[in-house]
Amino acid sequence: ASSAAERRAALASRWPLFGLSVRTPRLELRYPTDDDLLALAALTGDVHDPADMPFCTPWTRLPDAERERGTFQFHWRARGALTADAWELPFVTVVDGEVVGTQGVLATDWPIRRTVETGSWLHRPRHGEGLGTEMRAAVLHLAFAGLGAQRAETEAHEGNRSSQGVNARLGYRPNGDVIGVLDGAPRRYLRFVLDRPDWERSRRADIEVLGLDGCRELLGC
């Protein structure tokens, strides 16, 4: 039987994104195989305090089987819909060889806007370890240093202090708000932006992007 590394290399020879990863001293973000998605889906039952809902779509409330299937469907859609103009890269976050969550980055009208958006979640037992900040720093390094992004945007509902803390630590500035709907009621989401000059001021030298050259045509850069 071939090793996981050999299977990943074989996949990357047909779809280069399977060879894409970002490494920091604490963790790795890697483009997920279906084996990675199997591990990720198993974590979706414990992502946040059930009394809270950090997401604009309450997917964590779905029945177990539907929620786990949805993990695969979400990632498969991202693979199938990818173009050089609009793409989404939902990485798995790996710590000491173990999948612990996901960190995504996406772009629309990428060749013109050079703007990315990010989103993430971590298995609840790993909350409070600083991993949320580390994995965002990793994906921002990919976006700015690797892909040539000029701007990164994100949003969080006004009660999500942990996400807002990550934004503050990484140099984002407030960028207005928007009113969404959750459970039939209005909900305020705060928007944040990180421009390239602000990212450059705190750019790290200990983050490594691997396998990007083979993906540049796919990602329009």
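How far apart should the ends of helix 3 (residues 64-81) be, at 1.5 Å a residue? The close-ups below, all taken from a predicted model, start there.

**View 1. Helix 3, end to end.** With 18 residues, helix 3 should span 26 Å, and its end C-alpha atoms are indeed 26 Å apart, so expectation and model agree.

**View 2. The two sides of helix 3.** Arg67, Thr71, Phe72, His75, Ala78 and Arg79 are the buried ones here. Look down the helix axis and these buried residues fall within an arc of 145°, which means they line one face of the helix. Over on the other side, Arg69, Arg77, Gly80 and Ala81 are exposed.

**View 3. What the buried residues of helix 3 pack against.** Their partners are helix 2 (34-41), strand 3 (87-95) and strand 4 (98-107).

**View 4. The largest nonpolar core.** This one has 42 residues, and Trp87, Leu89, Phe91, Val116 and Leu219 are those with the most contacts inside it. At least two core residues apiece come from strand 3, strand 4, strand 5 (115-122), helix 5 (131-146) and strand 8 (185-195). Helix 5 chips in the most, with nine residues.

**View 5. Zooming in on Leu89.** Leaving aside residues up to four places away in sequence, Leu89 touches Leu17, Leu20, Tyr31, Leu82, Gln103, Gly104, Val105, Leu142 and Leu219.

**View 6. Another core.** Apart from the largest nonpolar core lies a core of 13 residues. Its members include Leu37, Leu40, Leu43 and Val92.

Definitions and conventions:
Residues numbered from 1 in each chain as written. Predicted model: local features only at pLDDT ≥ 70, side-chain atom pairs only at ≥ 80, totals over all residues. Heavy atoms only, no water. Helix = DSSP H or I, 4+ residues; strand = E, 2+ residues; numbered from the N terminus. Expected span 1.5 Å × (residues − 1). Buried < 20%, exposed > 50% of the residue type's maximum accessible area, 1.4 Å probe, protein only. Arc of directions from axis to C-beta. Contact = heavy atoms within 4.5 Å. Core = buried A, V, L, I, M, F, W, Y, C linked by side-chain atoms within 4.5 Å.
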